[in-house]
Amino acid sequence: PTMAAAGSAGIVAVASNVVNNLPAGLIASTTIAKANPPQLVIDSVLIGVDLGPNLSVTGSLATILWLQVIRREGEDVGFWRFLKVGVVVMPTALITAIGARLIIG
């Protein structure tokens, strides 16, 4: 279950950036409903769906909307700048959250 949890969180996090977190979450929830995995895997998938979109601008509609607000206020945050920060922050947050979930049991 531990490896399945870590792997599924990573896959869903990447998928959230490729197809956006809403469709990735819907696909993941349908798959989980049919597979009936341990609670640890379910929690890890939810963590991946929530944190994964923070990797890139395209990860969620909320990110795109926030960028519009920020740009309207005069800040220049482009795709590459967001991605540079996301590459550091998202995996760190994902690993930390999955680790915390493993510790909690």
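**Exercise 1.** In this predicted model, classify phenylalanine 79 and tryptophan 80 as buried, partly exposed or exposed.

*Solution.* Start with phenylalanine 79. Its relative accessibility is 35%. Buried means under 20% and exposed means over 50%. Phenylalanine 79 therefore counts as partly exposed. Now take tryptophan 80. Its relative accessible area is 60%, so tryptophan 80 is exposed.

**Exercise 2.** Find how many aromatic pairs there are, and work out the geometry of the rings of phenylalanine 79 and tryptophan 80.

*Solution.* The count comes to one aromatic pair. The ring centres of phenylalanine 79 and tryptophan 80 are 5.2 Å apart. Rings pair if their centres lie within 6.5 Å. Next, the angle: the two planes stand at 80°. Planes over 60 degrees apart count as edge-to-face. So this pair is edge-to-face.

**Exercise 3.** Check the length of helix α4 against its expected span.

*Solution.* Helix α4 covers residues 61-72, which makes 12 residues. The expected span is 1.5 Å times one less than the number of residues. For α4 that gives 16 Å. The end C-alpha atoms are 17 Å apart, which agrees. After α4 comes glycine 74, with a positive phi near 100°.

**Exercise 4.** Describe the setting of alanine 24: its helix, its accessibility and its contacts.

*Solution.* First, the helix: alanine 24 sits in α2, residues 21-35. Second, accessibility: alanine 24 has 6%, so this residue counts as buried. Third, contacts: setting aside neighbours within four places in sequence, alanine 24 touches Ala15, Ser16 and Val19. Last, a distance: arginine 71 lies 47 residues away along the chain, and the C-alpha atoms of alanine 24 and arginine 71 are 27 Å apart.

How values were computed: Residues numbered from 1 in each chain as written. Predicted model: local features only at pLDDT ≥ 70, side-chain atom pairs only at ≥ 80, totals over all residues. Heavy atoms only, no water. Helix = DSSP H or I, 4+ residues; strand = E, 2+ residues; numbered from the N terminus. Buried < 20%, exposed > 50% of the residue type's maximum accessible area, 1.4 Å probe, protein only. Contact = heavy atoms within 4.5 Å. Phe/Tyr/Trp six-rings, centres within 6.5 Å; stacked < 30°, edge-to-face > 60°.
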